[in-house]
Amino acid sequence: MTWLSILALLCSLTCPATSLGIGSLNLLTHRSAAPKSSLQNRAAQRVGELWLPQDIYAGSTFFDNFTFWEQADPTKGQVSYVNSSTAFANGLAYVQADGAVVMKGDDFTVLPPGAARDSVRITSNANYTGGLFILDLNQAPWGCGVWPAWWTVGPNWPGGGEIDIIEGVHDNTHNQVTWHTNPGCSLTNTGNYTGTKDDCDANVDDNAGCGVTDWSRDSYGPQFDAGGGGIYAMLWDETGIAVWYFYRNAIPDDITNLSPQPSGWSEPSAYLSPQNCNLTEFFYQHQIVFDITFCGVWAGNSYATSGCPGTCSDRIQDPNNFVNASWSINSLRVYSKEIVYGASGSLGGPAAPSIQVTLLASLTLCVLALLLL
(Lines give C-alpha, C1' and ligand atoms only; values in the text may rest on other atoms or scores of the structure.)
Protein backbone atom coordinates (compact mmCIF):
# COMPACT_ATOMS: atom_id res chain seq x y z
CA MET A 1 0.00 0.00 0.00
CA THR A 2 1.40 3.37 -1.01
CA TRP A 3 1.59 6.32 1.39
CA LEU A 4 -1.07 8.12 -0.63
CA SER A 5 -3.39 5.16 -0.15
CA ILE A 6 -2.73 5.27 3.60
CA LEU A 7 -3.64 8.98 3.71
CA ALA A 8 -6.82 8.35 1.77
CA LEU A 9 -7.81 5.53 4.14
CA LEU A 10 -7.11 7.72 7.19
CA CYS A 11 -9.21 10.49 5.66
CA SER A 12 -12.17 8.18 5.07
CA LEU A 13 -11.99 6.85 8.65
CA THR A 14 -11.48 10.09 10.58
CA CYS A 15 -13.31 12.83 8.71
CA PRO A 16 -16.20 11.66 6.50
CA ALA A 17 -17.63 14.61 4.59
CA THR A 18 -21.05 14.30 6.18
CA SER A 19 -19.93 14.29 9.82
CA LEU A 20 -17.46 17.13 10.33
CA GLY A 21 -18.44 20.80 10.71
CA ILE A 22 -15.83 23.51 10.70
CA GLY A 23 -17.72 25.22 13.55
CA SER A 24 -16.77 22.34 15.86
CA LEU A 25 -13.18 23.58 15.83
CA ASN A 26 -13.96 26.93 17.41
CA LEU A 27 -13.93 28.19 20.99
CA LEU A 28 -15.02 31.82 21.14
CA THR A 29 -16.34 34.64 23.25
CA HIS A 30 -19.18 36.78 21.96
CA ARG A 31 -20.94 39.91 23.18
CA SER A 32 -24.26 39.17 21.50
CA ALA A 33 -26.93 36.80 22.77
CA ALA A 34 -26.27 34.08 20.17
CA PRO A 35 -24.04 33.27 17.17
CA LYS A 36 -25.24 34.77 13.91
CA SER A 37 -24.73 32.14 11.20
CA SER A 38 -26.69 28.91 10.80
CA LEU A 39 -23.44 26.97 11.09
CA GLN A 40 -22.62 28.63 14.41
CA ASN A 41 -26.20 28.11 15.64
CA ARG A 42 -25.79 24.39 14.92
CA ALA A 43 -22.30 23.95 16.29
CA ALA A 44 -21.79 26.39 19.17
CA GLN A 45 -23.19 26.03 22.68
CA ARG A 46 -23.01 28.47 25.56
CA VAL A 47 -20.68 27.01 28.15
CA GLY A 48 -20.11 29.95 30.51
CA GLU A 49 -19.48 33.64 30.93
CA LEU A 50 -16.62 35.92 31.83
CA TRP A 51 -16.75 39.36 33.45
CA LEU A 52 -14.03 41.48 31.89
CA PRO A 53 -12.83 44.94 33.06
CA GLN A 54 -14.57 47.81 31.31
CA ASP A 55 -13.97 50.93 33.44
CA ILE A 56 -12.00 51.64 36.62
CA TYR A 57 -12.71 54.66 38.81
CA ALA A 58 -9.94 54.97 41.38
CA GLY A 59 -7.10 57.06 42.76
CA SER A 60 -5.84 60.30 41.26
CA THR A 61 -7.95 60.00 38.08
CA PHE A 62 -11.24 59.22 39.84
CA PHE A 63 -12.78 62.67 39.46
CA ASP A 64 -11.63 63.00 35.82
CA ASN A 65 -14.51 60.77 34.80
CA PHE A 66 -17.28 62.52 36.76
CA THR A 67 -19.12 65.83 36.47
CA PHE A 68 -20.03 67.82 39.58
CA TRP A 69 -23.73 68.65 39.94
CA GLU A 70 -24.29 72.38 40.54
CA GLN A 71 -28.08 72.54 40.40
CA ALA A 72 -30.75 72.51 43.11
CA ASP A 73 -31.36 69.23 44.90
CA PRO A 74 -34.29 67.39 43.25
CA THR A 75 -35.06 65.74 46.61
CA LYS A 76 -35.55 69.16 48.27
CA GLY A 77 -32.67 68.79 50.68
CA GLN A 78 -31.28 71.63 52.78
CA VAL A 79 -28.08 71.43 50.75
CA SER A 80 -25.99 73.46 48.34
CA TYR A 81 -24.16 71.27 45.83
CA VAL A 82 -20.86 72.91 44.89
CA ASN A 83 -18.84 72.83 41.68
CA SER A 84 -15.54 71.02 41.31
CA SER A 85 -13.40 74.10 41.98
CA THR A 86 -15.16 74.85 45.26
CA ALA A 87 -15.19 71.19 46.29
CA PHE A 88 -11.43 70.78 45.77
CA ALA A 89 -10.56 74.17 47.29
CA ASN A 90 -12.65 73.60 50.43
CA GLY A 91 -11.65 69.99 50.99
CA LEU A 92 -15.04 68.51 50.15
CA ALA A 93 -13.49 66.30 47.45
CA TYR A 94 -9.92 65.00 47.34
CA VAL A 95 -7.72 61.94 46.97
CA GLN A 96 -5.63 60.83 49.94
CA ALA A 97 -1.98 59.79 49.71
CA ASP A 98 -3.05 56.13 49.92
CA GLY A 99 -5.33 56.57 46.90
CA ALA A 100 -8.62 56.62 48.80
CA VAL A 101 -11.19 59.01 47.27
CA VAL A 102 -13.04 61.23 49.74
CA MET A 103 -16.27 63.16 49.23
CA LYS A 104 -17.93 64.88 52.18
CA GLY A 105 -20.36 67.45 53.43
CA ASP A 106 -19.12 70.67 54.99
CA ASP A 107 -18.16 69.86 58.59
CA PHE A 108 -16.48 73.16 59.51
CA THR A 109 -18.94 76.03 58.85
CA VAL A 110 -21.44 77.29 61.42
CA LEU A 111 -24.64 78.26 59.57
CA PRO A 112 -27.48 80.66 60.41
CA PRO A 113 -31.00 79.24 60.75
CA GLY A 114 -32.45 78.03 57.46
CA ALA A 115 -29.17 78.08 55.53
CA ALA A 116 -28.13 75.20 53.29
CA ARG A 117 -24.98 73.19 53.99
CA ASP A 118 -22.42 72.66 51.20
CA SER A 119 -21.97 69.15 49.87
CA VAL A 120 -21.03 67.14 46.79
CA ARG A 121 -22.95 65.27 44.12
CA ILE A 122 -21.15 63.77 41.09
CA THR A 123 -22.37 61.98 37.95
CA SER A 124 -20.33 59.70 35.68
CA ASN A 125 -19.61 60.87 32.15
CA ALA A 126 -20.11 57.32 30.87
CA ASN A 127 -23.44 55.53 30.79
CA TYR A 128 -24.20 51.82 30.97
CA THR A 129 -26.98 49.46 29.98
CA GLY A 130 -26.06 46.49 32.13
CA GLY A 131 -22.83 45.35 33.72
CA LEU A 132 -21.25 44.34 37.01
CA PHE A 133 -20.47 47.28 39.30
CA ILE A 134 -18.18 46.62 42.29
CA LEU A 135 -17.62 49.38 44.85
CA ASP A 136 -14.91 48.99 47.50
CA LEU A 137 -15.73 51.32 50.40
CA ASN A 138 -13.97 52.22 53.62
CA GLN A 139 -16.74 54.51 54.80
CA ALA A 140 -20.22 55.64 53.78
CA PRO A 141 -21.94 58.79 55.13
CA TRP A 142 -24.34 58.64 58.06
CA GLY A 143 -25.72 60.78 60.88
CA CYS A 144 -28.90 62.53 61.96
CA GLY A 145 -30.28 64.50 59.01
CA VAL A 146 -27.80 62.91 56.56
CA TRP A 147 -29.12 61.21 53.41
CA PRO A 148 -26.43 59.69 51.14
CA ALA A 149 -26.82 57.47 48.11
CA TRP A 150 -24.84 55.55 45.52
CA TRP A 151 -27.18 55.01 42.59
CA THR A 152 -27.55 54.81 38.82
CA VAL A 153 -30.12 56.64 36.71
CA GLY A 154 -31.23 56.65 33.08
CA PRO A 155 -32.43 59.50 30.83
CA ASN A 156 -35.88 61.10 30.97
CA TRP A 157 -36.44 60.06 34.58
CA PRO A 158 -38.20 57.86 35.42
CA GLY A 159 -38.27 56.64 31.83
CA GLY A 160 -34.78 55.11 31.89
CA GLY A 161 -35.18 53.88 35.46
CA GLU A 162 -33.25 54.37 38.68
CA ILE A 163 -31.35 51.85 40.82
CA ASP A 164 -30.50 52.91 44.39
CA ILE A 165 -27.71 50.55 45.47
CA ILE A 166 -26.69 52.20 48.75
CA GLU A 167 -29.17 54.50 50.47
CA GLY A 168 -30.19 55.35 54.00
CA VAL A 169 -30.88 58.16 56.43
CA HIS A 170 -29.89 59.19 59.96
CA ASP A 171 -28.23 56.51 62.09
CA ASN A 172 -30.00 53.62 60.36
CA THR A 173 -28.07 50.36 60.31
CA HIS A 174 -29.81 48.61 57.38
CA ASN A 175 -29.16 49.57 53.77
CA GLN A 176 -32.14 49.95 51.46
CA VAL A 177 -32.02 48.96 47.78
CA THR A 178 -34.74 50.57 45.65
CA TRP A 179 -35.85 50.64 42.01
CA HIS A 180 -37.85 53.51 40.45
CA THR A 181 -39.50 53.12 37.04
CA ASN A 182 -42.41 54.07 34.84
CA PRO A 183 -45.65 52.12 35.44
CA GLY A 184 -45.50 48.41 34.64
CA CYS A 185 -42.52 47.09 36.64
CA SER A 186 -42.82 45.29 39.98
CA LEU A 187 -40.79 43.11 42.33
CA THR A 188 -41.41 39.37 42.28
CA ASN A 189 -42.14 38.33 45.85
CA THR A 190 -39.97 35.26 46.51
CA GLY A 191 -40.32 35.40 50.29
CA ASN A 192 -36.56 35.76 50.69
CA TYR A 193 -36.44 39.54 51.11
CA THR A 194 -37.87 42.19 53.41
CA GLY A 195 -39.42 44.73 51.10
CA THR A 196 -41.02 48.13 51.48
CA LYS A 197 -43.43 47.57 48.57
CA ASP A 198 -43.57 45.71 45.27
CA ASP A 199 -44.72 48.37 42.76
CA CYS A 200 -41.70 50.21 41.28
CA ASP A 201 -43.80 52.99 39.72
CA ALA A 202 -42.15 56.32 40.63
CA ASN A 203 -45.33 58.24 39.81
CA VAL A 204 -47.25 57.00 42.85
CA ASP A 205 -46.77 56.95 46.64
CA ASP A 206 -44.43 59.96 46.60
CA ASN A 207 -41.87 58.14 44.43
CA ALA A 208 -41.33 55.38 46.99
CA GLY A 209 -40.43 52.86 44.26
CA CYS A 210 -40.04 49.18 45.11
CA GLY A 211 -37.46 48.48 47.78
CA VAL A 212 -35.69 45.76 49.71
CA THR A 213 -34.13 46.27 53.14
CA ASP A 214 -30.83 44.46 53.74
CA TRP A 215 -31.08 42.04 56.66
CA SER A 216 -27.59 42.90 57.95
CA ARG A 217 -27.29 45.50 60.70
CA ASP A 218 -23.77 46.22 59.41
CA SER A 219 -24.85 47.15 55.88
CA TYR A 220 -25.26 50.87 56.61
CA GLY A 221 -24.36 53.50 59.18
CA PRO A 222 -21.98 53.48 62.15
CA GLN A 223 -21.50 49.71 62.25
CA PHE A 224 -20.64 49.61 58.54
CA ASP A 225 -17.89 52.17 59.10
CA ALA A 226 -16.70 50.52 62.32
CA GLY A 227 -16.18 47.26 60.44
CA GLY A 228 -13.92 48.91 57.88
CA GLY A 229 -16.61 49.14 55.22
CA GLY A 230 -16.75 46.42 52.60
CA ILE A 231 -17.88 45.64 49.08
CA TYR A 232 -21.14 46.53 47.41
CA ALA A 233 -21.80 44.86 44.05
CA MET A 234 -24.62 45.37 41.59
CA LEU A 235 -25.20 42.89 38.75
CA TRP A 236 -27.45 43.95 35.88
CA ASP A 237 -28.01 41.59 32.97
CA GLU A 238 -30.78 39.62 31.31
CA THR A 239 -31.26 37.50 34.45
CA GLY A 240 -32.23 40.47 36.61
CA ILE A 241 -30.74 43.22 38.79
CA ALA A 242 -29.10 41.96 41.99
CA VAL A 243 -27.23 43.68 44.82
CA TRP A 244 -24.75 42.11 47.24
CA TYR A 245 -23.03 43.42 50.36
CA PHE A 246 -19.87 41.71 51.64
CA TYR A 247 -18.21 42.46 54.99
CA ARG A 248 -14.58 43.53 54.81
CA ASN A 249 -13.45 40.15 56.18
CA ALA A 250 -15.80 38.12 53.94
CA ILE A 251 -15.05 39.45 50.45
CA PRO A 252 -14.97 36.60 47.87
CA ASP A 253 -11.50 35.79 46.55
CA ASP A 254 -12.61 36.27 42.94
CA ILE A 255 -13.44 39.92 43.70
CA THR A 256 -10.09 40.45 45.41
CA ASN A 257 -8.33 38.80 42.46
CA LEU A 258 -10.20 41.06 40.00
CA SER A 259 -11.84 38.10 38.27
CA PRO A 260 -15.41 38.22 39.65
CA GLN A 261 -17.78 35.31 39.17
CA PRO A 262 -21.17 36.30 40.63
CA SER A 263 -22.62 32.87 39.89
CA GLY A 264 -20.53 31.55 42.78
CA TRP A 265 -21.56 34.16 45.34
CA SER A 266 -24.11 33.80 48.09
CA GLU A 267 -27.73 34.86 47.65
CA PRO A 268 -27.94 38.61 46.93
CA SER A 269 -29.30 41.10 49.45
CA ALA A 270 -31.85 42.31 46.89
CA TYR A 271 -33.01 41.07 43.51
CA LEU A 272 -35.34 42.42 40.81
CA SER A 273 -36.45 39.57 38.57
CA PRO A 274 -37.37 40.07 34.90
CA GLN A 275 -40.47 37.96 35.59
CA ASN A 276 -42.62 41.01 36.38
CA CYS A 277 -40.38 43.73 34.94
CA ASN A 278 -39.13 44.07 31.38
CA LEU A 279 -35.59 45.19 32.15
CA THR A 280 -34.88 46.29 28.58
CA GLU A 281 -37.91 48.57 28.61
CA PHE A 282 -37.48 50.07 32.08
CA PHE A 283 -33.69 50.35 32.53
CA TYR A 284 -31.18 51.75 30.04
CA GLN A 285 -28.27 54.18 29.61
CA HIS A 286 -27.56 54.65 33.30
CA GLN A 287 -25.05 57.10 34.72
CA ILE A 288 -23.44 56.50 38.11
CA VAL A 289 -24.18 58.98 40.89
CA PHE A 290 -22.74 59.61 44.37
CA ASP A 291 -24.31 62.25 46.59
CA ILE A 292 -24.77 63.47 50.16
CA THR A 293 -27.85 65.56 50.89
CA PHE A 294 -29.40 66.73 54.16
CA CYS A 295 -33.00 66.61 55.39
CA GLY A 296 -35.18 66.63 52.25
CA VAL A 297 -38.17 64.45 51.43
CA TRP A 298 -36.83 61.35 53.20
CA ALA A 299 -34.42 62.43 55.93
CA GLY A 300 -36.50 65.54 56.69
CA ASN A 301 -39.89 63.86 56.72
CA SER A 302 -38.66 60.95 58.85
CA TYR A 303 -36.65 63.06 61.28
CA ALA A 304 -39.34 63.39 63.96
CA THR A 305 -39.58 59.62 64.37
CA SER A 306 -35.87 58.87 63.98
CA GLY A 307 -34.82 59.43 67.58
CA CYS A 308 -32.59 62.32 66.53
CA PRO A 309 -32.66 65.51 68.66
CA GLY A 310 -34.42 68.74 67.76
CA THR A 311 -35.50 69.39 64.19
CA CYS A 312 -33.68 68.54 60.98
CA SER A 313 -33.38 72.18 59.98
CA ASP A 314 -31.85 73.09 63.35
CA ARG A 315 -29.43 70.18 63.02
CA ILE A 316 -27.98 71.70 59.84
CA GLN A 317 -26.50 74.70 61.67
CA ASP A 318 -23.78 72.89 63.67
CA PRO A 319 -20.89 71.48 61.57
CA ASN A 320 -19.96 69.02 64.32
CA ASN A 321 -23.09 67.06 63.44
CA PHE A 322 -21.58 66.11 60.07
CA VAL A 323 -18.16 64.68 60.89
CA ASN A 324 -19.37 61.28 59.64
CA ALA A 325 -20.99 62.57 56.44
CA SER A 326 -18.18 61.28 54.19
CA TRP A 327 -17.57 58.77 51.43
CA SER A 328 -14.18 57.03 51.44
CA ILE A 329 -13.78 54.94 48.28
CA ASN A 330 -10.94 52.61 47.34
CA SER A 331 -12.26 51.86 43.87
CA LEU A 332 -15.29 51.43 41.67
CA ARG A 333 -14.82 48.80 38.97
CA VAL A 334 -17.23 48.16 36.11
CA TYR A 335 -17.14 44.82 34.29
CA SER A 336 -18.86 43.78 31.07
CA LYS A 337 -20.06 40.26 30.36
CA GLU A 338 -18.56 38.08 27.65
CA ILE A 339 -20.46 34.92 26.73
CA VAL A 340 -18.20 31.90 26.16
CA TYR A 341 -19.28 29.42 23.50
CA GLY A 342 -17.88 25.93 23.17
CA ALA A 343 -18.23 23.92 19.97
CA SER A 344 -20.48 20.91 19.55
CA GLY A 345 -18.99 17.70 18.24
CA SER A 346 -20.60 15.59 15.52
CA LEU A 347 -22.71 13.79 18.16
CA GLY A 348 -24.15 17.06 19.48
CA GLY A 349 -22.11 17.31 22.68
CA PRO A 350 -19.44 19.90 23.47
CA ALA A 351 -16.11 19.01 21.91
CA ALA A 352 -13.20 19.11 24.32
CA PRO A 353 -10.19 21.14 23.18
CA SER A 354 -8.05 17.98 22.91
CA ILE A 355 -10.63 16.39 20.61
CA GLN A 356 -10.81 19.58 18.57
CA VAL A 357 -7.05 19.49 18.04
CA THR A 358 -7.26 15.86 16.89
CA LEU A 359 -10.03 16.72 14.43
CA LEU A 360 -8.04 19.65 13.09
CA ALA A 361 -5.03 17.40 12.47
CA SER A 362 -7.24 14.83 10.74
CA LEU A 363 -8.82 17.47 8.56
CA THR A 364 -5.37 18.68 7.52
CA LEU A 365 -4.41 15.13 6.49
CA CYS A 366 -7.65 14.74 4.55
CA VAL A 367 -7.06 17.89 2.56
CA LEU A 368 -3.47 16.88 1.84
CA ALA A 369 -4.53 13.44 0.65
CA LEU A 370 -7.24 14.82 -1.63
CA LEU A 371 -4.77 17.25 -3.18
CA LEU A 372 -2.18 14.56 -3.87
CA LEU A 373 -4.47 11.80 -5.14
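**Figure 1. The Cys295–Cys312 disulfide.** With a torsion of -105° about the S-S bond, the link between Cys295 and Cys312 is left-handed. The model shown here and in the following views is predicted. Cys295 is located in the loop between β18 (287-294) and α7, and Cys312 belongs to helix α8, so the disulfide ties together parts that are 17 residues apart in sequence. The sulfur atoms of Cys295 and Cys312 lie 2.0 Å apart. Cys295 has a relative accessible area of 6% and is buried. Cys312, at 7% relative accessibility, also counts as buried.

**Figure 2. The Cys144–Cys308 disulfide.** Cys144 is joined to Cys308 by a disulfide with an S to S distance of 2.1 Å. This pair links distant parts of the chain, 164 residues apart. Cys144 sits in the loop between β9 and β10 (146-153), while Cys308 sits in the loop between α7 (296-300) and α8 (312-315). The torsion about the S-S bond of Cys144 and Cys308 is -85°, and the link is left-handed. Both cysteines, Cys144 and Cys308, are buried.

**Figure 3. The Cys200–Cys210 disulfide.** In this view, a disulfide is formed by Cys200 and Cys210, with sulfur atoms 1.9 Å apart. The pair is 10 residues apart in sequence: Cys200 is found in the loop between β13 (194-197) and β14 (210-213), and Cys210 in strand β14 itself. The torsion about the S-S bond of Cys200 and Cys210 is about 80°, so this disulfide is right-handed. Cys200 and Cys210 are each buried. The structure holds four disulfides, among them the Cys200–Cys210 link.

**Figure 4. Strand β9 and its pairing with β15.** Strand β9 spans residues 131-139. Seven of its nine residues are buried, so β9 is largely enclosed by the rest of the structure. Strands β9 and β15 run antiparallel and are joined by seven bridges. One residue to locate in this view is Phe133, whose bridge partner in β15 is Met234. Strand β15 covers residues 230-237 and includes Asp237, a residue shown again in the next view.

**Figure 5. The salt-bridge network around Lys337.** Glu49, Asp237, Glu238 and Lys337 are linked in a network of salt bridges. Side chains of opposite charge can pair when their charged atoms come close. The side chain of Lys337 meets that of Asp237 in a salt bridge, with an N to O distance of 2.9 Å. Asp237 in strand β15 and Lys337 in strand β19 (residues 326-343) are 100 residues apart, and their pairing links distant parts of the chain. Asp237 and Lys337 are both buried. Lys337 also meets the side chain of Glu238 in a salt bridge, at 2.9 Å from N to O. Here the partners are 99 residues apart, with Lys337 in strand β19 and Glu238 in the loop between β15 and β16 (240-247). Lys337 has 15% relative accessibility and therefore counts as buried. Glu238, by contrast, has 48% relative accessibility and counts as partly exposed.

**Figure 6. The Arg117–Asp106 salt bridge.** The side chains of Arg117 and Asp106 form a salt bridge with an N to O distance of 3.5 Å. Arg117 lies in strand β7 (residues 117-119), and Asp106 lies in the loop between β6 (101-104) and β7, so the pair ties together parts that are 11 residues apart in sequence. Arg117 and Asp106 are both buried. The structure contains six salt bridges, including the one between Arg117 and Asp106.

**Figure 7. The setting of the close-up views.** The protein chain contains nine helices and 19 strands. Of its 373 residues, 49% count as buried. Among contacts between residues at least 6 apart in sequence, 74% join residues at least 24 apart. The chain exposes about 17,100 Å², and carbon and sulfur atoms supply 54% of this area.

How values were computed: Residues numbered from 1 in each chain as written. Predicted model: local features only at pLDDT ≥ 70, side-chain atom pairs only at ≥ 80, totals over all residues. Heavy atoms only, no water. Salt bridge = Lys/Arg side-chain N within 4 Å of Asp/Glu carboxyl O. Helix = DSSP H or I, 4+ residues; strand = E, 2+ residues; numbered from the N terminus. Buried < 20%, exposed > 50% of the residue type's maximum accessible area, 1.4 Å probe, protein only. Contact = heavy atoms within 4.5 Å. Areas by Shrake-Rupley, 256 points an atom, 1.4 Å probe, with all protein chains shown as cover. Pairing = 2+ DSSP bridges. Disulfide = S-S within 2.5 Å.
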